[in-house]
Amino acid sequence: MKLSVWTYEGPPHVGAMRVATGMTGLHYVLHAPQGDTYADLLFTMIERRDQRPPVTYTTFQARDLGADTADLFKRACHDAYERFKPQAIIVGASCTAELIQDDPGGLAETMGLPVPVIPLELPSYQRKENFGADETFFQIVRHLARPMERTREVSVNLLGSTALGFRHRDDVAEIRAILAVLGIAVNVVAPMTASPADIARLGAAHFNVLMYPETAETAARWCEKSLGQPYTKTVPIGVGATRDFIDEVLDLAGIDALIDESRLRLPWWSQSVDSTYLTGKRVFLFGDATHVAAMARVAEGEMGFDVVGLGCYNREFARPIRALAREMGLTALITDDYLEVEAAIAELQPEMILGTQMERHIGKRLGIPCAVISAPVHVQDFPARFSPVMGFEGANVLFDTLVHPLVMGLEEHLLTMFREDFEFHDGAGASHHGGKAAQRDEGVATSAIAPDPAPVESSFEIVWLADAEQELRKIPFFVRGKAKRNTERFAAERGVAEISIDTLYEAKAHYAR
């Protein structure tokens with residue numbers, strides 16, 4: 001563990017909370033100090049759920065450590081059952097409570113509660129949130145699911161959706177719709193919306209659709225071994241992957257079917273003359289492994305982008321991401337340190353970032369547009385509208401997600417070109433804000449030149465002359481930082497202390513060779 005301003009994943013017990021919050025009829029008793037109740041806000045404030053997570057905290061305090069904290073936990077378990085009457089209970093400890101070694105699982109088993117009690121062993125100081133979700137769902141499935149007779153019609157289970165998942169609610173709806181067209185029924189969706197009773201009938205499905213490997217692959221492997229259910233390997237994000245997914249599903253179901261693709265917009269646009277504006281745009285991808293791998297295929301194969309860097313934060317999936325990067329002639333960045341990600345982006349100077357909420361902030365700092373394609377995300381990426389990223393409608397959403405930042409970047413560039421116009425000068429402010437910006441010194445906006453994230457080292461101070469600075473502002477904002485840095489490096493290497501228009505264009509010619 002280490003102290004960090006931002007983190008891609010929380011501790012494992014937050015993953016367990018994501019599973020419990022997505023389900024119904026399940027309650028989570030968490031042995032934790034009073035401060036750990038902050039996790040409720042992740043669901044009520046960020047995901048905008050209309051109810052608290054089904055979690056009871058023991059909320060021990062410092063003064064309780066000299067007494068019997070084990071008895072405190074047992075009372076919390078008993079009270080949770082009496083109040084909520086769940087179909088099953090999961091029990092575990094937070095990272096702080098793990099240190100006092102009260103063994104919540106063992107304590108709960110001795111209480112004789114009339115419902116299944118499932119202990120969770122989540123190593124808080126070695127593993128993180130996605131592992132916690134995956135392990136929790138696996139333990140629930142292992143304890144409750146049993147072999148049974150298959151449904152008469154071909155049916156599947158949809159595995160992996162949880163609370164706080166990136167577009168999980170809408171992805172499930174989109175995949176349900178595709179399966180309905182194919183004539184395949186959905187037996188159970190889990191963990192999200194499932195009850196312990198639903199988990200018990202997972203075995204009735206003919207096979208499983210693994211939607212999110214980070215949170216359900218262990219359970220899917222167990223079902224394959226113990227229930228005789230194969231599972232899909234293709235994650236249907238993007239047009240090509242969705243077509244491959246449909247072929248895989250039809251093969252597992254042993255049926256033939258045709259599906260209407262008329263609602264797809266991305267393929268038509270990719271063949272249009274307008275799409276040439278995006279061809280060859282340099283992009284950097286970072287997020288969870290599943291979404292990064294899927295989006296790399298979309299970015300390069302369906303949008304015509306040039307992927308110049310990629311990586312993931314969940315080390316459990318480092319091997320496939322490294323293999324993917326090698327296929328693309330890249331070296332994968334596997335890290336959970338956002339500062340390392342920022343440094344890689346600053347060095348590569350891509351024209352666009354596809355990442356998480358963290359990369360959105362990094363993009364703002366570096367003056368590079370960013371489209372969010374993976375958790376962790378903030379409230380704006382839990383839209384009230386239908387907005388999947390899987391399936392054919394998901395491909396349409398991705399089309400908008402990837403195109404808009406760059407198209408708006410072009411608009412920003414045009415506004416910059418006409419900066420001295422009476423309507424668009426800095427003092428006029430942004431038109432969509434409906435007000436006027438505060439006047440800057442000498443009428444020049446402080447944001448006209450993006451701050452250099454990694455200043456060029458020089459033994460003397462480098463100064464931009466006014467005419468050169470004005471010329472620099474004509475360069476599109478998403479590459480302006482790179483142009484500024486290259487020019488300053490060029491000047492530093494030649495002992496030029498003042499950058500003029502001539503220096504700017506000499507540097508441009510030098511690096512264009």
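Buried means under 20% relative accessible area and exposed means over 50%, with partly exposed in between (1.4 Å probe, protein chains only). Keep that handy for the exercises below.

This is a predicted model, where local features need pLDDT of at least 70, side-chain atom pairs count only at pLDDT 80 or more, and totals for chains, interfaces and linings use all residues. Residues are numbered from 1 along each chain as its sequence is written, and side-chain values use heavy atoms, with hydrogens and water left out.

**Exercise 1. Classify His168 as buried or exposed, then list its contacts.**

Step 1: find the residue. His168 sits in helix H6; helices here are DSSP runs of H or I with at least four residues, strands are E runs with at least two, and both are numbered from the N terminus.

Step 2: apply the cut-off. His168 has 5% relative accessibility, so it counts as buried.

Step 3: look around it, taking contact as heavy atoms within 4.5 Å. Skipping neighbours within four places in sequence, His168 touches Arg18, Gly160, Ser161, Thr162, Met192 and Tyr212.

**Exercise 2. Work out the strand order of the three-strand sheet, and say what packs on it.**

Step 1: get the order. The open sheet runs S6-S5-S7 with parallel pairing; two strands pair if DSSP finds at least two bridges between them.

Step 2: pick out the edges. Strand S6 (185–191) and strand S7 (207–210) each have a single partner strand, so one side of each is left without a neighbour in the sheet.

Step 3: check the twist, which averages 25° from one strand to the next. Axes are lines fitted to C-alpha atoms (for helices, over the stretch in contact), and angles run from 0 to 180 degrees between N-to-C directions.

Step 4: add the helix. Helix H6 (residues 168–182) packs on this sheet and touches S5 and S6, its direction making about 165° with that of S5.

Step 5: zoom in on one pairing. Strand S5 (residues 155–161) pairs with S7 in the parallel sense over four bridges, and Asn157 has Asn208 as its bridge partner in S7.

**Exercise 3. Do the same for the four-strand sheet: which strands are at the edges, and which helices lie across it?**

Step 1: the order is S2-S1-S3-S4, an open sheet with parallel pairing.

Step 2: strand S2 (55–57) and S4 are the edge strands, each pairing on one side only.

Step 3: strand S1 (residues 26–31) and S2 pair in the parallel sense over three bridges. Within that pairing, Val55 in S2 is the bridge partner of Tyr28.

Step 4: helix H1 (residues 12–22) lies across S1, S2 and strand S3 (88–93), at about 160° to S1. H5 lies across S1, S3 and S4, running at about 135° to S4.

**Exercise 4. Show why the buried residues of H12 line one face.**

Step 1: collect them. In helix H12 (residues 318–327), Ala318, Ile321, Leu324 and Ala325 are buried.

Step 2: look down the axis. The buried residues of H12 fall within an arc of 130°, so they line one face of the helix; the arc is that of the directions from the helix axis to the C-beta atoms.

Step 3: turn to the other side, where Arg319, Arg326 and Glu327 are exposed.

Step 4: find the cover. Helix H11 (289–302), strand S9 (306–312) and strand S10 (333–334) are among what covers the buried residues of H12.

Step 5: see what comes next. Gly329 follows H12 and has a positive phi, near 75°.

**Exercise 5. Find which residues have the most contacts inside the largest nonpolar core.**

Step 1: set the rule. A nonpolar core is a set of buried Ala, Val, Leu, Ile, Met, Phe, Trp, Tyr and Cys residues joined through side-chain atoms within 4.5 Å.

Step 2: read off the winners. The largest core has 108 residues, and Ile199 and Leu310 have the most contacts inside it.

Step 3: note the other one. A second, separate core of 16 residues includes Tyr338, Ala344, Ile345 and Met358.

**Exercise 6. How confident is the predictor over the chain, and where does pLDDT stay under 50?**

Step 1: pLDDT is the predictor's confidence in each residue, from 0 to 100. The protein chain averages 86, with 85% of the residues scoring at least 70.

Step 2: residues 432–453 stay under 50, and the model has 35 contacts for them beyond four places in sequence.
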